[in-house]
Amino acid sequence: MPKFFIKAQDLEEYDSVKIFNQRGKEIYWTKEDFIATGHRIKIYLADTITECGYVQEKVSRSDTYFEFAARDKFGTVERDQMSRLQRYVIDYDEDLELEGDGATWRYVLYRGALPMMTVRNEQYLIPGQALNMCETYILDVDIDSDALICISFALAVYALNKYGDYY
């Protein structure tokens, strides 16, 4: 089960971050694309300029939503405008449901009845990042092959809460 770490302060300030694995090695990095229409965060393999995923803002008549993609998989996430609770509508080729609070990085993403990813934030010392205890977003992904799509989904929920329309 892979585990990924993102420094919260870096993400909140820049949308450009390094994503570390459980050994503290940089696996991916992100960069905000200022040229794109709307907000776009590109995901790259570490130490390369190979783009392997992205999060892109989309606007419809009634709402703002975000598209998330990784390699050959993609989907969208938006707020459920019909609910008074903080709920999300996820359009993906599998049945995904988010349970918890996406705005505070404390949720579980379910594929059917099974957890696909658990996300939490806490004060944490990222392995290999000596003397750098900070607020950290921790992503526990259930299956290795889902890692990149889970990272792009988590960044899409983050972007939706930061840039999306509030009702």
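I take buried to mean under 20% relative accessible area, exposed over 50%, and partly exposed in between, using a 1.4 Å probe and protein chains only. Helices (H or I, at least four residues) and strands (E, at least two) are DSSP runs, numbered from the N terminus.

**Ground rules.** I am working with a predicted model, where local features need pLDDT of at least 70 and side-chain atom pairs count only at pLDDT 80 or more, while totals for chains, interfaces and linings use all residues. Residues are numbered from 1 along each chain as its sequence is written, and side-chain values use heavy atoms, with hydrogens and water left out.

**Entry 1: strand β1.** I started at β1 (3-7), where four of the five residues are buried. I count two strands as paired if DSSP finds at least two bridges between them. β1 runs antiparallel to β12 and is joined to it by five bridges; Ile-6 sits opposite Tyr-137 of β12. β1 also pairs with β2 in the antiparallel sense, over two bridges, and there Phe-5 has Phe-20 as its bridge partner.

**Entry 2: the whole sheet.** Next I followed the strands outward. They make an open sheet of 12 strands, paired antiparallel, in the order β8-β7-β6-β5-β4-β3-β2-β1-β12-β11-β10-β9. The edges are β8 (88-91) and β9, each pairing on one side only. From one strand to the next the twist averages 20°; axes here are lines fitted to C-alpha atoms, for helices over the stretch in contact, and angles run from 0 to 180 degrees between N-to-C directions.

I also looked at two strand pairs. β2 (residues 18-20) and β3 (residues 26-32) run antiparallel with three bridges, and Ile-19 faces Tyr-28 there. β9 (residues 96-101) and β10 (residues 106-111) pair antiparallel over six bridges, with Glu-97 opposite Tyr-110. These two form a hairpin with four residues between them, and Trp-105 in the turn has a positive phi of about 60°.

**Entry 3: helix α2.** How many of the 17 residues of α2 are buried? I found 15, so this helix is mostly covered. Its end C-alpha atoms are 24 Å apart, which agrees with the expected 24 Å (1.5 Å times one less than the number of residues). α2 lies across strands including β1, β6 and β12, and runs at about 160° to β6.

**Entry 4: the core.** A nonpolar core is a set of buried Ala, Val, Leu, Ile, Met, Phe, Trp, Tyr and Cys residues joined through side-chain atoms within 4.5 Å. The largest one has 42 residues, of which Val-77, Ile-90, Met-117, Leu-139 and Phe-153 touch the most other members. α2 gives the most to this core, with 13 residues. Contact means heavy atoms within 4.5 Å; leaving aside neighbours within four places in sequence, Val-77 has contacts that include Tyr-65, Phe-68, Ile-90, Phe-153 and Leu-160.

**Entry 5: the cysteines.** Why is there no disulfide between Cys-52 and Cys-150? A disulfide is a pair of cysteine sulfur atoms within 2.5 Å. The sulfur of Cys-52 is 14 Å from its closest cysteine sulfur, in Cys-150, and that is too far for a bond. My count is therefore zero disulfides. Cys-52 is buried at 7% relative accessible area, and Cys-150 is buried too, at 1%.

**Entry 6: Asp-146.** I finished in the loop between β12 (133-141) and α2 (147-163), where Asp-146 is placed. Is Asp-146 buried or exposed? Asp-146 is buried, at 5% relative accessibility. Not counting residues up to four places away in sequence, Asp-146 touches Lys-73, Arg-111, Met-116 and Val-141.
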